[in-house]
Amino acid sequence: MVPQHGILLAVNLISDHFGPLVAKVCECLLRHGALPLPEIVRRVRLPRGQVKNTLLILIQHNCVQAFSSPKAGRKDEPPVTLYLAIFDNVLHRLRFSKFLAVVRADIPESEDLIEGLLQNGRLTFDQLVERTISKVQEGTTGREEIHLNFNKLVYARYVERCPKPEPFFNPLGDEEQTSARKKVPKTVEEALSLEKKVINTATLSDPERFSEIPYSMEDCTEDPPKSVSGAKRKHRAFEIDEELNSTIPENEVLWRANFEKFIFCLKKKFCADRKKSKLKVGTHIIWESFFEANLTDNDTNSATSSINGILEKLGQKEGGAAMTLDQITQVLEELQCTTSTDDPEAFTFDLRQMVEACKNEEIESLVKKTYGQEAFTIFRLLAQGRPVETDQIIDTTILDKQIVHSTLYRLWKDDYIDTAEKVGSTPGTGYAQFFVWRAKNTFREKYIDNLYHTALNLRLMVNRMAELLLEGSMDETKVKNRKNALILMLARHDDSLMLFHGF
């Protein structure tokens, strides 16, 4: 469930980019979940044609996914088409500048191509070529060069073929399969939201998603490669149902930016920068080389680099060539990089573990700033997950009894911790009542909602500065400086937002 301020932030983004009507439809889907077209029309009270156009815009920009599902209790009737808002993709619109910076650092010659996909959502290769040629001077960039640069993006997985336009997904059937799997004690799987399940159903297989465009276009039309099964499949990005269709040639393929890859790159950068401040002198270049040598992204929860790759990147840095293999291995082990028996020549760093540690640090830092050092010490103890008795808190933290009691009350009142009364036996009296405390499971949800609220306020302030510039009623230089400062604050705040929802 998306928090209240998360919905408001998403609606604000859509309203700024596409207008209030599109934002109204998007808000309806975010608040009520997957809905059929007639139900959306009824709820937003807009003309049917207008709603269809707004859905096309949202689908074009990867903010909505359509899927067909059987009607409840009506197996004989044809399935109905439902429309589901993809909250994460809406939120990624905050990060387009960061995505561009990732490609600029890795494949600078392909920056214009990825910019076109970020701005337009989904494009065919011909549309990308036409857009790119129109932006540069005539004769400076040819189709072959654009083709080569585009395939670099596909090979690096920054770009992917668009998902299935209308996959079949049965929520009831999926629940039955999940309940059947739960009976098997060996399997442990995370509970997935409806949004994630629909996305997984619509996503193509990796050979299809990242199949490069053949360099001989004639070969593509005469005898398409077996790995590109999309050549035999209609790529109907907008052909959602009989009422929502747009004629696209069968041999055309639509492409889009692969947000998953960009978030993984930003996740690696975040972890690298976060740990860099704690590194010993002289180890920074090894840490940087480790992440630069990471080329595979099959597992988004870890980064793996071969020792040969690390040595190659290290040799390109000042002072790196003089380091011995034993020195590098020792530093990597100190940085909690591990090796496996399957591949002893490769080192792996657990990104998920570091992200979790950073989340705890962020929340503990907030508690410390708001309630003081004593509350920080108590909350860190309770955040470990197990319930702790009041006297045990006093003994463990070595704090005054009155301070512990007052601090526990303040944290409990503000919904950071929860308490329960228990009865236990004691020598002499026979039984005694005491309280146990633990950090609330919902405190992170509250913290995330506050992050969304702050991001929304920053965006509203940026928009206000833009309005003042248009009005011309204040000092233009001062307003511009204030606007730029707010944009920078929003970009930094988004790092915290990605830490709790994204990484």
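Two strands count as paired here if DSSP finds at least two bridges between them. With that in hand, the strands of this predicted model can be taken sheet by sheet, after a quick look at the chain as a whole.

The chain has 503 residues, 43% of which count as buried. Its secondary structure adds up to 23 helices and 11 strands. Among contacts with a separation of 6 or more, 66% link residues that sit 24 or more positions apart. About 27600 Å² of the chain's surface is accessible, and carbon and sulfur atoms hold 51% of that.

How confident is the predictor? Mean pLDDT for the chain is 82, with 85% of the residues at 70 or more. Two stretches where pLDDT stays under 50 deserve a word of caution: residues 178-191 and residues 217-251. For residues 178-191, the model has four contacts beyond four places in sequence. For residues 217-251, the count of such contacts is 56.

Now to the first sheet discussed here. It is open, has three strands in the order β1-β3-β2, and its pairing is antiparallel. β1 (35-36) and β2 (64-69) each have a single partner strand, so both stand at the edges and have one side without a neighbour in the sheet. As a general point, strands of a sheet pair through backbone hydrogen bonds, either parallel or antiparallel. The pairing of β1 with β3 (residues 80-85) is antiparallel and covers two bridges, while that of β2 with β3 is also antiparallel and covers six bridges.

Which residue of β3 is the bridge partner of phenylalanine 67? That partner is leucine 82. Leucine 82 turns up again on the β1 side of the sheet, as the bridge partner of proline 36. As for burial, β3 is largely enclosed by the rest of the structure, because five of its six residues are buried.

The loops around this sheet hold a pair of residues with unusual labels on their backbone angles. Arginine 45, found in the loop between α3 (37-44) and α4 (48-60), has a positive phi of about 55 degrees despite not being a glycine. Asparagine 62 belongs to the loop between α4 and β2, and its phi, near 60 degrees, is again positive in a residue other than glycine. Are these two side by side in burial terms, or opposite? Arginine 45 counts as exposed, at 74% relative accessibility, whereas asparagine 62 counts as buried, at 4%.

Further along the chain, serine 110 occupies the loop between α6 (96-106) and α7 (111-120). Is serine 110 buried or exposed? Its relative accessibility is 0%, so serine 110 counts as buried. Leaving aside residues up to four places away in sequence, serine 110 touches Val103, Asn149, Lys152 and Leu153.

A second sheet comes next. This one is likewise open, with three strands in the order β4-β6-β5 and antiparallel pairing. Its edge strands are β4 (123-124) and β5 (159-161), each of which pairs on one side only. β4 runs antiparallel to β6 (residues 254-257), and two bridges join these strands. Within that pairing, leucine 123 stands opposite tryptophan 255 in β6. α7 lies across β4, β5 and β6, and its direction makes an angle of about 95 degrees with β6.

Finally, there is a helix pair to report. The axes of α14 (residues 259-276) and α15 (residues 284-292) come within 11 Å and cross at roughly 170 degrees, which means α14 is roughly antiparallel to α15. On the α14 side, the contact is made by Lys268, Cys271, Ala272, Lys275 and Lys276. On the α15 side, His284, Trp287, Glu288 and Phe291 take part.

Notes. Residues are numbered from 1 along each chain as its sequence is written. This is a predicted model: local features need pLDDT of at least 70, side-chain atom pairs count only at pLDDT 80 or more; totals for chains, interfaces and linings use all residues. Side-chain values use heavy atoms; hydrogens and water are left out. Helices (H or I, at least four residues) and strands (E, at least two) are DSSP runs, numbered from the N terminus. pLDDT is the predictor's confidence in each residue, from 0 to 100. Contact means heavy atoms within 4.5 Å. Buried means under 20% relative accessible area, exposed over 50%, partly exposed in between (1.4 Å probe, protein chains only). Accessible areas come from the Shrake-Rupley method with a 1.4 Å probe; for residues, only the protein chains shown count as cover. Axes are lines fitted to C-alpha atoms, for helices over the stretch in contact, and angles run from 0 to 180 degrees between N-to-C directions. Angles under 35 degrees count as roughly parallel, over 145 as roughly antiparallel, 65 to 115 as roughly perpendicular and the rest as oblique.
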